[in-house]
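Let's walk through this one together with a few questions and answers. Have a look at the structure first.

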Amino acid sequence: MKCWNEKESESRSFYKVKKRKHMLQYTLAEQISHGMEVSNLAYDVGKKLGYGEEVCYDLAIAGLLHDIGKIVLANEVSLNPMIVEEMKVVRMHPKEGYEVVKRSGYSHFIQECVLYHHENYDGSGYPDHLFGDDIPFGGRVLRVCDVFCALTSDRPYRKAYDQDTAIKLMVEDIRDFDVKVFLAFQKVIHEKNRRPVELSEFTVDERGDLEWH
Ligand SMILES: [Fe+2]
């Protein structure tokens, strides 16, 4: 027979596990909503970088599908509190997603977007730790858009950051991003807001150009 403390401890740990919403356990609606946000932003960033309709359309498709690997993996992850093991699973989602879009006949460009949307420009990302411009262009675009859309959305463990705070957080991790893509992204956000985004590190002027301080 378990003593009271053991029961309480067991109950509390169960509560923690139940309360902690795993990143693979977002509802389909939440995942689709995130995909649509990334899709719209990626399209606009592609346009801002001067790409044509075909490339931007593919960026939009890739934005919608970039986390489809999570849906595949969600069926394989339990509520087991072994966070480290779960993190290993989460890191598999770009390759799982890549396999899905490849099987489904999407273009090589879209396949690369899905596979490399978690690569960081400084080589610290995954799955292949690609560095700089070795990361396919679409992956670099989705990296910026994905992080911004995630930061500006509610999560089970925090409320959404406002846009200025989200951008400030991204600037702190600027080494994760292709600066050319980041500047285009800044311009898109600036134009949508129709107001200057002022941060301690830099200011975006009226034309949307970045001025470092
Ligand atoms: Fe992802």
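Q: Is His129 buried, exposed or partly exposed?
A: Keep in mind that this model is predicted. To count as buried a residue needs 20 or more other C-beta atoms within 10 Å, while 12 or fewer would make it exposed. His129 has 13 of them within 10 Å, so it falls in between and is partly exposed.

Q: Where is His129, and what is its phi?
A: His129 sits in the loop between H7 and H8. Its phi is positive, even though the residue isn't glycine. The value is near 50°.

Q: Which residue does a cis peptide bond join to Tyr126?
A: Omega for this bond is about 15°. The partner's place is in the loop between H7 and H8. It's Pro127.

Q: Which helix gives the largest share of the largest nonpolar core?
A: That core has 35 residues, and Val141, Val144 and Cys145 are among those with the most contacts inside it. The elements giving two or more residues include H2 (28-48), H3 (53-65) and H8 (137-151). The largest share is eight residues, and it comes from H8.

Q: Is H8 largely enclosed by the rest of the structure or not, and why?
A: Just count its buried residues: 13 of the 15 are buried. That's why H8 is largely enclosed.

Q: How far apart are the end C-alpha atoms of H8?
A: At 1.5 Å a residue, its 15 residues should span 21 Å. The model agrees with that, because the end C-alpha atoms are 22 Å apart.

Definitions and conventions: Residues are numbered from 1 along each chain as its sequence is written. This is a predicted model: local features need pLDDT of at least 70, side-chain atom pairs count only at pLDDT 80 or more; totals for chains, interfaces and linings use all residues. A nonpolar core is a set of buried Ala, Val, Leu, Ile, Met, Phe, Trp, Tyr and Cys residues joined through C-beta atoms within 7 Å. Helices (H or I, at least four residues) and strands (E, at least two) are DSSP runs, numbered from the N terminus. The expected span of a helix is 1.5 Å times one less than its number of residues.
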